[in-house]
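Reader: I should be grateful for a close look at one part of this structure. Please take the surroundings of the ligand as the point of departure, and then set that part in its wider context.

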Amino acid sequence: MTKLRLGYIGCGYMAQKVHIPNIVAIDACELVAIAEVRPKLGRMVQERYGIPKLYQSHRELARDRDIDAVALSGHYAVQGDIAIDLLNAGKDVFMEKPMAISVEQAERILAAEKSSGKRVMVAYMKRYDPGNIRVKELIDQAVAAKDLGQIRYVRNHGFGGDWTGGLDTPFDQSDEKYPDCAFTWPGWLPEKNRQGYIDYLQQYTHNINLVRWFLGSTGGVTVKAAELGANGVHGVVVLDVGGVPVTIESGWLDYEGWDEHTQVFFDKGWVRTEAPPLLLKNVPATIEVYRADQAEKSATKLFPKGGRNWSYREEMRHFVACVANGAPFRSPASDTIEDVRVLEDIYKHFIAARSAPAQAQSRASAR
Ligand SMILES: NC(=O)c1ccc[n+]([C@@H]2O[C@H](COP(=O)([O-])OP(=O)(O)OC[C@H]3O[C@@H](n4cnc5c(N)ncnc54)[C@H](O)[C@@H]3O)[C@@H](O)[C@H]2O)c1
């Protein structure tokens with residue numbers, strides 16, 4: 001079997017804790033080179049995993065003709081531009097979410113895909129969780145059979161806590177200066193809202209991406225309302241996803257667990273899933289189905305087909321297989337740009353709603 005020859009860019013937290021260990025454990029690929037701007041850190045990771053080549057710049061790695069495809073986890077603000085350089089060098093790309101922090105940056109990635117003929121997969125691991133895959137099948141079956149009636153409402157409740165799930169993979173760190181990053185902020189976003197925007201985007205892009213996938217939505221999401229509190233993160237967003245009302249409840253607690261579930265309500269039943277802490281290994285999302293379409297009403301817990309595995313390992317396997325056989329990605333950049341659009345719209349609504357009472361007050365006092 002010919003193995004896919006991968007390069008990896010960025011040797012930070014996600015690279016070391018998740019993606020590099022997964023790549024070296026997958027038989028269908030081999031890791032031939034890494035690139036890290038901090039040379040001491042790069043050498044530590046190279047030695048730990050016995051990786052043949054180390055580059056200090058992603059552009060040097062991109063020029064390596066020995067590499068078939070590249071995986072990437074850089075700083076969230078710049079990894080989209082690194083992906084563009086990789087596409088232009090003729091490489092297919094696996095990149096961490098978010099693909100971009102503005103629609104403008106995301107559109108440049110799609111333009112580079114088009115001109116290069118190469119493809120980007122964005123790492124939305126929830127779409128590769130075996131529990132979520134079964135949930136998606138159950139929703140699709142119920143929609144096709146119409147036995148539970150129509151989908152009326154979706155609730156996603158996502159209160160974060162300890163997302164690392166005790167993951168004990170080694171993590172090398174160095175005292176080198178972190179590289180400077182150029183931010184492509186949305187032009188309309190006020191400076192004082194940037195931190196809240198990033199804090200919200202970094203987590204809830206996952207939740208929005210998952211709900212869109214459950215509902216088979218590739219576009220046409222409308223933001224109806226957004227209240228995200230004083231810190232721009234704790235609150236509720238109301239969306240219309242293909243005619244279905246959806247709420248996304250967001251917040252963080254000092255909590256050892258991870259309090260996230262998604263429930264899809266039909267006329268005569270529901271499908272519900274609870275998410276594991278993000279990095280918890282080999283614990284898939286739960287699957288529960290309530291049916292009121294039969295004489296005896298039932299709530300059933302199911303288990304994923306194929307047993308336990310790790311969403312992050314499965315997403316990397318998927319990338320390697322799709323590059324090798326040309327099959328479409330389950331989370332292609334051409335779809336995930338929609339998440340960037342929705343995120344910008346949520347924040348526009350949130351900022352407008354927050355400033356509306358102040359404007360109304362100043363109009364009233366001017367009278
Ligand atoms: N899917 C998930 O569950 C999940 C969880 C956490 C973070 N993330 C995403 O993963 C990405 C990376 O996060 P992280 O915590 O690993 O970040 P990090 O800062 O720990 O790692 C990024 C690394 O990239 C290096 N780097 C930056 N520019 C580079 C360049 N041009 N060439 C080579 N190396 C470069 C930095 O020196 C750093 O070592 C972020 O976009 C984040 O949103 C995803």
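Author: The account below begins at the ligand and proceeds to the domains, to one helix and to one strand residue. The model is a predicted one.

The ligand is surrounded by 27 residues. Closest to the ligand are G10, G12, Y13, M14 and E96. Two elements, α1 (13–25) and α4 (79–88), each give two or more residues to this shell. Of the elements, α1 gives the most, with three residues. In chemical character, the shell around the ligand divides into 15 nonpolar, eight polar and four charged residues. Both domains take part in the shell, since at least three of its residues are drawn from each of domain 1 and domain 2.

These domains deserve a description of their own. The domain assignment of the protein chain gives domain 1 as 4–126 + 315–332, and domain 2 as 136–309 + 342–355. Between the C-alpha centres of domain 1 and domain 2 there is a separation of 25 Å. Their contact takes 25 residues from domain 1 and 22 residues from domain 2. On the side of domain 1 that touches domain 2, the elements giving two or more residues are α1, α2 (39–49) and α5 (103–116). By class, that side of domain 1 has 14 nonpolar, four polar and seven charged residues. Helix α1 thus appears both in the shell around the ligand and on the side of domain 1 that touches domain 2.

Helix α6 may be considered next. Helix α6 covers residues 130–145, which amounts to 16 residues. From its first C-alpha to its last, α6 reaches 22 Å, close to the 22 Å expected at 1.5 Å a residue. The buried residues of α6 are P130, G131, N132, I133, R134, V135, K136, L138, I139 and A142. They pack against helix α7 (194–214) and against the strands β11 (259–266), β12 (269–274), β13 (287–291) and β14 (298–302). Just after α6, K146 takes a positive phi of about 60 degrees.

A single strand residue completes the account. V246 lies in strand β10, which comprises residues 244–252. V246 counts as buried because 26 C-beta neighbours lie inside 10 Å, and the threshold for a buried residue is 20 or more. Leaving aside residues up to four places away in sequence, V246 touches V154, N156, V211, L239 and V241. The C-alpha atom of V246 is separated by 9.9 Å from that of Q263, a residue 17 residues apart from V246 along the chain.

Methods
Residues numbered from 1 in each chain as written. Predicted model: local features only at pLDDT ≥ 70, side-chain atom pairs only at ≥ 80, totals over all residues. Near = placed C-beta within 6 Å. Helix = DSSP H or I, 4+ residues; strand = E, 2+ residues; numbered from the N terminus. Nonpolar A, V, L, I, M, F, W, Y, C, P; charged D, E, K, R; others polar. Domains from an automatic or database assignment. Buried ≥ 20, exposed ≤ 12 C-beta atoms within 10 Å, placed from the backbone. Contact = placed C-beta atoms within 7 Å. Expected span 1.5 Å × (residues − 1).
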